[in-house]
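Trainee: I am new to this structure and would be grateful for a close look at a single part of it. Please go through the details with care and explain each term as it arises.

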Amino acid sequence: MATADWLLSTLPRPSRERARLEWQEHQVAMLPLGTLFSAVRIPGRLVAVLTACTETAELDAFMGQALNGGPVICDPRHHRFYALVPAGMPQRWQRAADAWRAMDVELLGLGSYLGVPQVNAVECTPARASHWAVPMNPAATLCSPPAVARLIAAGRRSADPGVEE
């Protein structure tokens with residue numbers, strides 16, 4: 001429950017019950033980014049090129065290894081991953097973010113919202129819009145920005161071996 005409470009603390013107190021209802025009814029709650037955490041949206045094709053697979057469970061396992069167990073949300077319908085990172089990453093990594101946009105990687109921070117699944121949604125099922133590819137454990141543990149940058153750079157090199165960093 002500590003993880004759910006921490007995630008909900010991104011909202012003003014009166015909105016937290018609404019988000020809990022969203023989790024119960026829709027299994028996803030929209031949470032604001034940029035205060036406690038931000039997110040890096042990574043296209044599934046960038047991850048698939050590194051793993052040579054397309055199975056969700058294998059991609060999830062790879063993300064856990066590549067990001068040292070940092071929390072990652074998977075949106076299998078749109079073939080995207082969202083690595084949860086420290087709130088200030090979008091500002092500090094702006095130059096990298098400009099280059100990453102060409103690969104459809106985007107840093108999401110203040111002014112953005114993310115559909116966050118219930119903390120116990122850890123498997124891909126047809127009924128779920130998204131799930132935790134790598135659960136947040138313990139609460140407030142986030143992905144290391146350098147690990148995320150290394151993953152993106154590796155995907156870029158694999159997708160286009162002639163590119164220079």
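Mentor: Leu110 counts as exposed, at 60% relative accessibility; exposed means over 50% relative accessible area, buried under 20% and partly exposed in between, with a 1.4 Å probe and protein chains only. The model is predicted, so local features need pLDDT of at least 70 and side-chain atom pairs count only at pLDDT 80 or more, while totals for chains, interfaces and linings use all residues. Residues are numbered from 1 along each chain as its sequence is written, and side-chain values use heavy atoms, with hydrogens and water left out.

Leu110 lies in the loop between strand S5 (106-108) and strand S6 (113-117); helices (H or I, at least four residues) and strands (E, at least two) are DSSP runs numbered from the N terminus. Once neighbours within four places in sequence are set aside, Leu110 is in contact with Leu33, Gly34 and Thr35, contact meaning heavy atoms within 4.5 Å. His26 stands 84 residues from Leu110 along the chain, and the two C-alpha atoms are separated by 24 Å.

Two other loops hold residues with an unusual sign of phi to look for. Gln27, in the loop between helix H2 (13-26) and strand S1 (28-32), has phi near 70 degrees, a positive value in a residue other than glycine. With 26% relative accessibility, Gln27 counts as partly exposed. His79, in the loop between S3 and S4, also is a residue other than glycine with positive phi, near 55 degrees. At 56% relative accessibility, His79 counts as exposed. A further backbone feature belongs to the loop between S7 and H7, where Pro138 is placed: Asn137 and Pro138 are joined by a cis peptide bond, with omega about 0 degrees.

The part that deserves the closest look is helix H3. Gly44, Leu46, Val47 and Ala48 are its buried residues, and these pack against S2, H4, S4 and H7. Just after H3, Ala52 takes a positive phi of about 60 degrees.

Two packed helices are described by the angle between their axes and the distance between the axes. Here the axes are lines fitted to C-alpha atoms, for helices over the stretch in contact, and angles run from 0 to 180 degrees between N-to-C directions. The axes of helix H3 (residues 44-51) and helix H4 (residues 56-66) come within 10 Å and cross at roughly 85 degrees. That crossing makes H3 roughly perpendicular to H4, since angles of 65 to 115 degrees are placed in that class, those under 35 being roughly parallel, those over 145 roughly antiparallel and the rest oblique. On the H3 side the contact is made by Val47, Ala48, Leu50 and Thr51, and on the H4 side by Leu59, Phe62 and Met63. Six of these residues are nonpolar, one is polar and none is charged; Ala, Val, Leu, Ile, Met, Phe, Trp, Tyr, Cys and Pro count as nonpolar, Asp, Glu, Lys and Arg as charged, and the others, Gly among them, as polar.

With H7, the axis of H3 comes within 9 Å and the crossing is roughly 75 degrees. H3 and H7 are therefore roughly perpendicular to each other. Leu46, Val49 and Leu50 of H3 make this contact with Leu151, Ile152, Ala154, Gly155, Arg156, Ser158 and Ala159 of H7. By class, the contact of H3 with H7 has seven nonpolar residues, two polar and one charged.

H3 also contributes to a wider assembly. The largest nonpolar core has 28 residues, and Val40, Ile42, Met63, Leu67, Phe81 and Val148 have the most contacts inside it; such a core is a set of buried Ala, Val, Leu, Ile, Met, Phe, Trp, Tyr and Cys residues joined through side-chain atoms within 4.5 Å. At least two residues of this core come from each of strand S2 (37-43), H3, H4, strand S3 (72-75), strand S4 (80-86), helix H6 (94-100), strand S7 (131-134) and helix H7 (145-159). H7 gives the most, with five residues. Beyond four places in sequence, Met63 touches Ile42, Val47, Val72, Phe81, Val134 and Leu151. Another core, of 20 residues, lies apart from the largest one and includes Leu7, Leu31, Leu84 and Trp132.

Finally, the whole structure has zero disulfides, a disulfide being a pair of cysteine sulfur atoms within 2.5 Å. For Cys124 the nearest cysteine sulfur, that of Cys74, is 6.1 Å away. Cys124 counts as partly exposed, at 38% relative accessibility. For Cys143 the nearest cysteine sulfur, again that of Cys74, is 13 Å away. Cys143 counts as buried, at 2% relative accessibility.
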